[in-house]
Amino acid sequence: QVRLVESGGGLVQVGGSLRLSCVPSGRTFDSTQKVVWFRQAPGKEREFVARIMWGDGTTYYTNSVKGRFAVGKDYYKNGVYLQMDSLKPADTGVYYCAAARATSVEFDSWGQGTQVTVSS
């Protein structure tokens, strides 16, 4: 288990961009792990957004963000970023990163969440 520190949220207008960061505190991600971004809009269930396998860098996205969001390794911070472009009001919510073993469905490390608000 490791504490994840997120940053980069904020208020942006429709069509704008934000870049979120997820950095592990006190250790590094390793090749056996995956890092996932989730989001939770007000009054809604938490939903999957994007995933990256730390070992080989493969990525996967929910359909609603394909072509607009990109998840990748931040080699400078030794963390993971989520680049969000062409933002829509439907993207508003609290974004969380989480880490787990690559084959696990249970996440043992979570960030504190960062608010993203897209205004129209």
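## A tour from Arg 39 to the disulfide

Select Arg 39 to begin: with a relative accessibility of 5%, this residue counts as buried. The model on display is a predicted one, and Arg 39 belongs to its strand β4.

**The surroundings of Arg 39.** Display the side chains around this arginine. Which side chains does Arg 39 join through polar contacts? One is that of Glu 47, at 2.6 Å; another is that of Ser 64, at 3.5 Å. Next, widen the selection to the residues in contact with Arg 39, leaving aside neighbours within four places in sequence. Among them are Glu 45, Arg 46 and Val 49, together with Val 65 and Phe 69. The list also includes Ala 90, Asp 91, Val 94 and Tyr 95.

**From β4 to β5.** Now show the backbone of residues 33-40, strand β4, and of residues 47-53, strand β5. The two strands pair in the antiparallel sense, over six bridges. Where in β5 is the bridge partner of Arg 39? The partner is Glu 47, the residue whose side chain also makes the 2.6 Å polar contact with Arg 39. Follow the chain through the turn: β4 and β5 form a hairpin, with six residues between the strands. Select Gly 43 in this turn, where phi is positive, at about 75°.

**From β5 to β6.** Continue along β5 and add residues 59-61, which make up strand β6. β5 and β6 run antiparallel and are joined by three bridges. Pick Ala 50 and look across to β6, where Tyr 61 stands opposite. This second pair of strands is likewise a hairpin, here with five residues in between. Gly 57 in the turn has a positive phi of about 80°.

**The disulfide.** Finally, select Cys 22 and Cys 97. Their sulfur atoms lie 2.1 Å apart, and the two residues form a disulfide; the count for the model comes to one. The link between Cys 22 and Cys 97 is right-handed, with 75° about the S-S bond. Which parts of the chain does this pair tie together? Cys 22 lies in strand β3, residues 18-25, and Cys 97 in strand β9, residues 93-101, so the bond connects parts that are 75 residues apart in sequence. Are these cysteines buried or exposed? Cys 22 is buried, at a relative accessible area of 0%, and Cys 97 is buried, also with a value of 0%.

Methods
Residues numbered from 1 in each chain as written. Predicted model: local features only at pLDDT ≥ 70, side-chain atom pairs only at ≥ 80, totals over all residues. Heavy atoms only, no water. Disulfide = S-S within 2.5 Å. Helix = DSSP H or I, 4+ residues; strand = E, 2+ residues; numbered from the N terminus. Buried < 20%, exposed > 50% of the residue type's maximum accessible area, 1.4 Å probe, protein only. Pairing = 2+ DSSP bridges. Polar contact = N/O pair within 3.5 Å; in protein donor to acceptor, adjacent residues only side chain to side chain. Contact = heavy atoms within 4.5 Å.
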